[in-house]
Structures are given as C-alpha cells and as structure tokens.
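Please keep the model open while reading these notes. The points below start with a helix, then turn to a strand pair and the cavities.

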Amino acid sequence: MKHQDGFFKGVRDAKIYYQCWLPDSDIKAVLLVVHGLAEHCGRYMNLVNHFIPVGYAVYGLDHIGHGKSDGARVHVQRFEDFTSTLRIFFDRVREWHPEKPVFLIGHSMGGLIGAAYLLEHQAELAGAVLSGPSVKVPENISSATIFLGKIFSSLAPKFGIVVLEAEGVSRDPAVVAAYVNDPLVHRGKTTARLAAELLKTMQRVSAEGAKITLPVLIVQGGSDRLVDPSGAQLLYDRVGSTDKKLKVYDGLYHEVFNEPEQAQVLGDVEEWLEAHLSD
C-alpha cells in the first residue's frame, strides 16, 4: 500500500487537506470518501484496509472547517462550500485516474453532501454508497425552531447550536475512545449557519431526489442514535435510480464501518461494488 497526502486550493482559496491510499497492484476503481460532521478523512482506515488489498484506490479530503483543512471549525458560509470543494477534488482525482471508474462513499453529513453532489454531477460517477446518510429533517425540530435557526444563521452565524454524542458513533468502546481523544475531531458545537444549511439541503434532497438515477447502495445502522434510521428509507424511496439497494443492519450504531460487525458491512459493500464495475 502506498500513502500520499497534501493540500489543494478549495473555495475562496481555502487550503484543503487530502489523503490517498493506493494498492501496489493494478487499480480496478477509485473510492472517493466524503466524511461526516466534525470528523476527518483519516477515520476511515477500516475501509482503506479492506479495499486496498482487493485493488481499489481510496481518496479522501477534509471538508472546509474540518480536520487539517482551513476554515472556522464545523462552519460554512453556504452548503456549496462542501460540494464545490468536492468538485475541485474530484477533477484532480479524475486527472490522476482518467480511465478508472469512481464511486462516491459518503457517510452521515457526507451522505448528505454526496446526495447533493449527485444532483449536479452524477454522470461522472459509476455509483454511490451512502452510509447513515443525514438526509431527514429531525422530527423533534419544530417549524419555530427552524425559523429561529435561520435568524441565528443570519445574525450570529457562528453561534453554537448542538454537539454530537460521542457514545453514539459505535458500540465498540475503543472506537468511542479514539473518537473522543482524536485532536482532529471537533468536540464543540455545530454553528447556527451550518445547521441551517444542513436543514435546507435535507429539504432539497428530499424534494429533488428523483433526479438521482445512478446506482446507489444505502447502508444504515438500525440502532443509529445520531441520525434517524428512517432517513435511509426516505432517501431510498426518493432516489429515482432503478438500480438501488438499502441494507439496514439491526442493532448497529451510526458508524457501520466502525462497528464490531464491520467485516460483514464492508463485505456487502465490496460485493455491491464488484457487481457494478462492469456496468
């Protein structure tokens, strides 16, 4: 396995960090990892260690405001900060591997970013795997709260709103401990602007999901405490693809790639990818 990393220029000249892991053998396809809220692309080593030996290259970036990238922590001026930067990164990956199929792997907020990205750029991808996608507006958020969130987003965009529950990422205590002690994981509150932009994009994906027509696999922990598991079914129902599949793993928490049953989940993803390599 070969590892490379570096920086590229994202939106508004932000310095964006990326990493890639390459197999020593021929590359059969590229996996483009889109990470979740408050974390970074370096937390996907289970996925890397599974797919590199079977011939996949894995690329990931730290979103603006995350990990080693520039920007106020867990904050954006607009949601397109994520998708536009992902587009810049995709173009680089395409230059490096012009003949290889590229599959998007989006987790949690990365699933939402991925879904929004597909609305604009799906034609250049071979398929998408969305894990625990954060695509459903939480039912416990009232219209009044959403309205207040928009006010805060405008008047105090960096006001802290909510912090993620570390214990909800996995049932494996070692994964939780690593998450809590990872200096690149942001443990503070999400800003009002980002929260408002997330909600707006959830509504857009729900309304326009039928435009997504490429092959899609959705994997979801049935006991997810960080996003509503029913959001996976919602996305599955909305997506217009004729080639789509939903796998719900009973009892698993949010990060299905980091659960004790990770081998089963990653094996299922590999089986799906292999079936779509020749499409």
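1. In helix 8, the buried residues (under 20% relative accessible area, 1.4 Å probe, protein chains only) are Val265, Leu266, Val269, Glu270, Trp272, Leu273 and His276. Seen down the helix axis, they fall within an arc of 165° (directions from the axis to the C-beta atoms), so they line one face. The face turned away from that buried side carries Ala263 and Glu271, both exposed (over 50%).

2. This is a predicted model: local features need pLDDT of at least 70, side-chain atom pairs count only at pLDDT 80 or more, and totals for chains, interfaces and linings use all residues. Residues are numbered from 1 along each chain as its sequence is written, and side-chain values use heavy atoms, with hydrogens and water left out.

3. Helix 8 covers residues 262–276. Helices (H or I, at least four residues) and strands (E, at least two) are DSSP runs, numbered from the N terminus.

4. Six of the six residues of strand 3 (residues 29–34) are buried, so the strand is largely enclosed by the rest of the structure. Ala29, Leu31 and Val33 cover one side; Val30, Leu32 and Val34 are on the other.

5. Strand 3 pairs with strand 4 (residues 56–61) in the parallel sense, over six bridges. Pairing requires at least two DSSP bridges. Val33 has Gly60 as its bridge partner in strand 4.

6. Which residues line the largest cavity? Among them are Glu39, Arg43, His107 and Phe257. By class, the lining has four nonpolar, four polar and three charged residues. Nonpolar means Ala, Val, Leu, Ile, Met, Phe, Trp, Tyr, Cys and Pro; charged means Asp, Glu, Lys and Arg; the others, Gly among them, are polar.

Notes. 1 Å grid on protein atoms, 1.4 Å probe; cavity = no way out; pocket = protein on both sides within 12 Å on 5 of 7 lines; lining within 4 Å. Expected span 1.5 Å × (residues − 1).
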